Amino acid sequence: MDDPYHNNVNQQMIDTGEYTYTQDGGGHDGYPYQTDYPQQDEDAASDATEGADEDDQMYEGEYQGIPHPDEIKEARRAARLEARRKARLAAQQEEEEENLPEQYETIMEDCGHGRFQWMLFFVLGLALMADGVDGFVVGFVLPSAEKDMCISNADKGLLGLLVYVAMMVGALVWGGLCDKMGRRKCLIYVLTIDLIFSFLSCFAQSYGFFLFFRFCSGFGIGGSIPIVYTYFTEFLQMDKRGEHLSWLCMFWMLGGLYASFTAWGIIPHYGWGFAIGTQFQMHSWRLFILVCLLPALAALVGIFFMPESPRFLLENARHDEAWMILRKVHDTNWKAKGEPERVFTVTNIKTPQTQEDEFIEIQSDTGTAFQRWTVRKMTMLQQVMANVMSLSAPELRLQGLLLVIVWFCLAFSYHGLGVWFPDMIKYMQYEEFESKVRVFHRERVERFHFNFSLVNQIHREGEYIHDKFANIEIKSVKFEESLFENCYFEDIKSTNTFFENCTIKNTVFYNTDLWQEKFKNCRMENTTFLHPKTGCHLNFKEENDIVIYMVSFLGSLAVLPGNIISALFMDKIGRIRIIGGSMLASSACTFLLLLSFSQGAVICWQCLFYAVSVAAWNGLEVISVELYPCSKRATAFGILNGICKFAAIMASFIFAAFIGITKIIPIFLAFAALVCGGLVALKLPETREKILS
């Protein structure tokens with residue numbers, strides 16, 4: 001092939017004083033020659049150079065820093081060779097990347113679907129169950145925890161907010177790391193973080209530490225969903241993915257059932273707790289958190305016996321490790337099917353050439369251990385960020401935008417109504433309780449011993465002279481503009497009880513939880529508080545209404561029919577029809593909420609909504625892992641799951657704000673979001689027959 005650098009004559013004249021340096025493509029070959037002196041004959045030239053070694057001759061242009069023409073030609077030749085090498089490497093890598101998905105799908109079909117996938121199914125299902133349990137823990141323990149640790153309403157809202165924020169951040173971070181560190185390793189990390197900090201939260205006596213531990217626990221378990229679905233997907237062949245990923249979704253439902261059942265069985269039993277001194281209190285709600293760690297612990301133990309995803313290893317040029325794992329999958333399945341003689345015939349798997357890991361190792365071969373660790377982590381962070389930015393590529397941009405809209409709309413309506421249902425039931429209970437309040441006006445009670453509980457009462461302008469209140473419970477009682485003179489309060493437990501604009505004279509409060517904060521604008525004369533009870537009064541009968549546990553249990557159980565139907569039909573009618581049909585049917589169910597005039601009606605419509613909408617969740621999770629290539633799969637799923645948590649945070653505030661005001665606005669918002677998401681979902685590409693790229 002002709003060299004373009006030598007075909008075109010390009011002369012450059014450089015004046016150096018005695019000589020003129022000429023660089024061209026002609027016969028001079030770039031060497032200097034004399035122009036100011038006459039040409040010497042052969043003998044003269046020979047005499048001038050006699051005794052000099054040819055290799056010792058110095059190129060005179062070197063004095064002026066001018067490169068030797070031979071060096072220039074060599075550099076150009078090396079550049080051309082490097083360019084050709086890179087072009088061949090890029091073409092080879094593109095060909096291998098196109099061949100790997102088809103070859104991997106063929107290998108998975110040869111391995112079959114059997115014992116190995118079912119073992120992995122149950123291990124990853126327990127991890128998903130742990131995430132489902134964590135979603136219910138805060139809601140169940142909060143009524144008891146807020147009394148036990150004297151949490152104000154503002155701080156109570158902060159706990160729920162921070163847990164969801166932690167799960168959102170966890171989904172984003174661990175999703176990105178999963179594509180660089182590996183599925184198995186990241187799952188071990190997230191389960192370990194969740195176990196450690198959930199365990200510590202059981203013993204946190206102050207609200208600050210409890211909040212911190214639950215935040216860290218949420219950050220850990222928040223990454224489990226992107227990892228679990230990505231991990232399991234890469235062990236499934238194409239015709240099994242939709243069905244078995246939908247079966248996997250059932251473990252989230254089992255997490256809700258487990259949390260509801262154990263909460264109802266443990267939290268109301270005050271006697272199951274214990275105390276060490278006066279500072280350390282281990283009430284039953286803390287024991288409930290401890291029991292909720294069992295699914296995560298079982299999943300962590302099980303994952304140690306599971307291998308890394310071979311697809312991840314192949315994408316990272318770890319051919320031998322991937323081959324060994326695929327052989328193990330093949331042998332495990334066919335041995336369980338009674339055909340141990342079948343041999344794994346795959347001998348070579350094409351893997352794409354990657355330079356990122358080589359770069360990390362090259363950069364980390366020198367320096368101190370800390371410097372090597374820093375180089376590895378910073379380089380990995382750069383790769384994760386580059387992976388995130390690559391999701392905005394033109395070929396991924398449209399489908400990514402559609403998925404974001406569908407995820408947000410479904411999460412906004414589902415989690416918004418998930419907050420609205422129990423809050424609406426509580427509001428109805430409160431209205432019913434308020435309707436039965438007894439009002440006493442201008443009563444005068446003198447020298448009387450109150451030895452019975454006072455519940456749901458209002459006393460206005462009363463007079464209590466020489467009265468004794470001993471060993472009783474005062475619940476939801478308000479004294480307004482009343483007089484207490486020469487009275488004695490002993491061993492009083494109060495809940496939602498206040499004294500407003502009252503006059504209290506010559507009165508003793510002994511061993512009560514009636515603190516000064518419960519006396520609003522009261523005038524006290526010669527009043528004594530002896531041995532006041534420390535901490536907040538924890539009333540398990542009031543704070544643990546069985547209806548709340550039943551609502552959560554029935555809501556979790558209601559998704560069982562939807563899970564079964566979606567699993568059976570996911571590969572038959574396709575993901576898009578499942579998602580769109582489920583969301584549009586769920587939007588129709590929201591109008592039935594306008595007929596919610598009783599607690600029973602709210603529970604009924606809640607179960608119906610959950611049963612219909614769960615199919616959309618299953619289809620959306622399946623299509624999210626199928627649309628993206630292996631190197632970006634967990635990153636994309638983590639971003640989508642983070643958006644889901646963000647929508648849940650927004651919805652919880654918006655829907656809760658209208659409780660007791662109007663039902664129309666929350667229902668309309670849920671309806672609009674579901675219709676919008678359902679219509680957009682119909683524009684997504686179908687992935688039922690798509691080979692994982």
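In this predicted model, the structure holds 16 salt bridges. One of them joins the side chains of Arg 575 and Glu 626, with a nitrogen-to-oxygen distance of 2.7 Å. This pair links distant parts of the chain, since Arg 575 belongs to helix α19 (residues 575–590) and Glu 626 to helix α20 (residues 599–627), the two residues being 51 residues apart. Both partners are buried, Arg 575 as well as Glu 626. Elsewhere, salt bridges that share partners connect Asp 179, Arg 183, Glu 234 and Arg 633 into one network.

Two further salt bridges involve residues that are partly exposed. In the pair formed by Glu 321 and Arg 318, the side chains meet at 3.0 Å from N to O; Glu 321 has a relative accessibility of 40% and counts as partly exposed, and Arg 318, at 33%, falls into the partly exposed class too. In the pair formed by Arg 342 and Glu 339, the N-to-O distance is 3.7 Å, with Arg 342 partly exposed at 33% relative accessibility and Glu 339 partly exposed at 28%.

With regard to cysteines, the structure holds zero disulfides. For Cys 186, the closest cysteine sulfur is that of Cys 178, and the separation of 5.2 Å between the two sulfur atoms is too far for a bond, given that a disulfide requires a pair of cysteine sulfur atoms within 2.5 Å. Cys 186 is buried, with a relative accessibility of 0%, and Cys 487 is likewise assigned to the buried class, with a relative accessible area of 2%.

Turning to the strands, an open sheet is formed by five strands in the order β7-β10-β12-β15-β18, and the pairing within this sheet is parallel. The edge positions are taken by β7 (444–446) and β18 (523–525), each of which has a single partner strand, so that one side of each is left without a neighbour in the sheet. On average, and with direction ignored, neighbouring strands of this sheet are turned by 5° against each other. Within the sheet, strand β10 (residues 463–465) and strand β12 (residues 483–485) pair in the parallel sense over three bridges, and Ile 465 has Glu 485 in β12 as its bridge partner.

Parallel pairing is also found around strand β9 (residues 454–460), a strand that is mostly covered, with five of its seven residues buried. Strand β6 (residues 438–441) is joined to β9 by four bridges, and these two strands run parallel; here, His 441 stands opposite Arg 460 in β9. Strand β9 also pairs with strand β11 (residues 468–480), in the parallel sense and over six bridges, and in this pairing His 459 stands opposite Phe 479 in β11.

Backbone geometry provides two further points of note. Most residues other than glycine have a negative phi. Arg 447, however, has a positive phi, near 50°, although it is a residue other than glycine; Arg 447 is placed in the loop between β7 and β8 (449–450), and it is exposed, with a relative accessible area of 62%. A positive phi near 50° is likewise found for Asp 491, again a residue other than glycine. Asp 491 lies in strand β13 (residues 488–495), and with a relative accessibility of 23% this aspartate counts as partly exposed.

At the surface, a nonpolar patch of about 520 Å² is made by Leu 294, Leu 297, Val 301, Phe 304 and Phe 305. Among these residues, Val 301 is found in helix α11 (residues 294–303), where Val 301 is partly exposed, with a relative accessible area of 46%.

Key:
Residues are numbered from 1 along each chain as its sequence is written. This is a predicted model: local features need pLDDT of at least 70, side-chain atom pairs count only at pLDDT 80 or more; totals for chains, interfaces and linings use all residues. Side-chain values use heavy atoms; hydrogens and water are left out. Two strands pair if DSSP finds at least two bridges between them. Axes are lines fitted to C-alpha atoms, for helices over the stretch in contact, and angles run from 0 to 180 degrees between N-to-C directions. Buried means under 20% relative accessible area, exposed over 50%, partly exposed in between (1.4 Å probe, protein chains only). Patches are made of residues with over 30% relative accessible area and no salt bridge: like charges are joined within 9 Å, nonpolar side chains (Val, Leu, Ile, Met, Phe, Trp, Tyr) within 5 Å. Accessible areas come from the Shrake-Rupley method with a 1.4 Å probe; for residues, only the protein chains shown count as cover. A salt bridge is a side-chain nitrogen of Lys or Arg within 4 Å of a carboxyl oxygen of Asp or Glu.
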